[in-house]
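Reader: I am new to this structure and would like a close look at a single part of it, with enough of its surroundings to see where that part belongs. Please take one part and go through it slowly, explaining each term as it comes up.

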Amino acid sequence: MKPWLLLALAIVSEVIATTALKASDGLTRWQPSLVVVVGYGVSFYCLSLVLRHIPVGITYAVWSGLGIVLITLAAAVLYGQRIDLAGWVGIGLIVAGVLVLNLVSRATSH
């Protein structure tokens with residue numbers, strides 16, 4: 001279970017870093033820029049540890065898929081980004097793909 005918790009930490013820290021990237025105004029504001037650097041550092045470090053236990057394809061699919069969903073939601077809440085019906089359908093398809101990979105596919109085992 002530990003690799004999945006590390007993957008969750010990698011996803012959350014990447015989402016925080018990407019959200020701060022918008023706030024950094026092209027890395028010209030030091031506080032959000034620091035959050036960007038630390039967040040991506042934590043994310044990639046955790047991701048590297050996860051890859052010892054979970055195949056790279058599955059790891060990346062979950063990391064990027066859930067990251068897209070969370071970033072889209074964060075952008076809607078923090079920056080007022082509007083999500084239309086097609087956007088919600090796309091997010092649903094991403095979530096469905098991640099679920100299929102993890103619950104149905106045999107690709108999750110080494």
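Author: Helices (H or I, at least four residues) and strands (E, at least two) are DSSP runs, numbered from the N terminus. Read in this way, the protein chain follows the pattern α-α-α-α along its sequence, with four helices and zero strands in its secondary structure. The model is a predicted one, in which local features need pLDDT of at least 70 and side-chain atom pairs count only at pLDDT 80 or more, while totals for chains, interfaces and linings use all residues. Residues are numbered from 1 along each chain as its sequence is written, and side-chain values use heavy atoms, with hydrogens and water left out.

The part chosen here is helix H2, which runs over residues 30-50. Its 21 residues should span 30 Å at 1.5 Å a residue (counting one less than the number of residues), and the end C-alpha atoms of H2 agree with this, being 30 Å apart.

Within H2, the buried residues (under 20% relative accessible area; exposed is over 50%, partly exposed in between; 1.4 Å probe, protein chains only) are Pro32, Ser33, Val36, Gly39, Ser43, Cys46, Leu47, Leu49 and Val50. Their cover, judged by contact (heavy atoms within 4.5 Å), includes H1 and H3.

On the H1 side, serine 13, which lies in helix H1, counts as buried because its relative accessibility is 8%. Leaving aside residues up to four places away in sequence, serine 13 touches Gly39, Val42 and Ser43. Serine 13 and valine 35 are 22 residues apart in sequence, yet their C-alpha atoms lie 9.3 Å apart in space. Leucine 7, again not counting residues up to four places away, touches Leu47 and Val50, and also Thr59, Val62 and Trp63.

Some of these names return in the largest nonpolar core (buried Ala, Val, Leu, Ile, Met, Phe, Trp, Tyr and Cys joined through side-chain atoms within 4.5 Å). Of the 14 residues in this core, Leu6, Leu7, Ile11, Val50, Val62 and Trp63 touch the most other members. The elements giving two or more residues to this core are H1, H2 and H3, and H1 gives the most, with five residues.

H2 also takes part in a nonpolar surface patch (nonpolar side chains, Val, Leu, Ile, Met, Phe, Trp or Tyr, joined within 5 Å, over 30% accessible). This patch, of about 490 Å², is made by Leu9, Trp30, Leu34, Val38 and Val42, and H2 gives the most to it, with four residues. Leucine 9 lies in helix H1, which covers residues 2-23, and is partly exposed, with a relative accessible area of 42%.

The other named cover of H2, helix H3 (residues 56-79), has 24 residues and reaches 32 Å from its first C-alpha to its last, close to the 34 Å expected at 1.5 Å a residue. Its buried residues include Thr59, Val62 and Trp63, and what covers the buried residues of H3 includes H1, H2 and helix H4 (85-103). Glycine 80 follows H3, with a positive phi near 70°.

For the protein chain as a whole, buried residues make up 33% of the 110 residues, and the C-alpha trace spans about 45 × 35 × 20 Å along its principal axes. Among contacts between residues at least 6 apart in sequence, 66% join residues at least 24 apart.

Notes
Patches are made of residues with over 30% relative accessible area and no salt bridge: like charges are joined within 9 Å, nonpolar side chains (Val, Leu, Ile, Met, Phe, Trp, Tyr) within 5 Å. Accessible areas come from the Shrake-Rupley method with a 1.4 Å probe; for residues, only the protein chains shown count as cover. A salt bridge is a side-chain nitrogen of Lys or Arg within 4 Å of a carboxyl oxygen of Asp or Glu.
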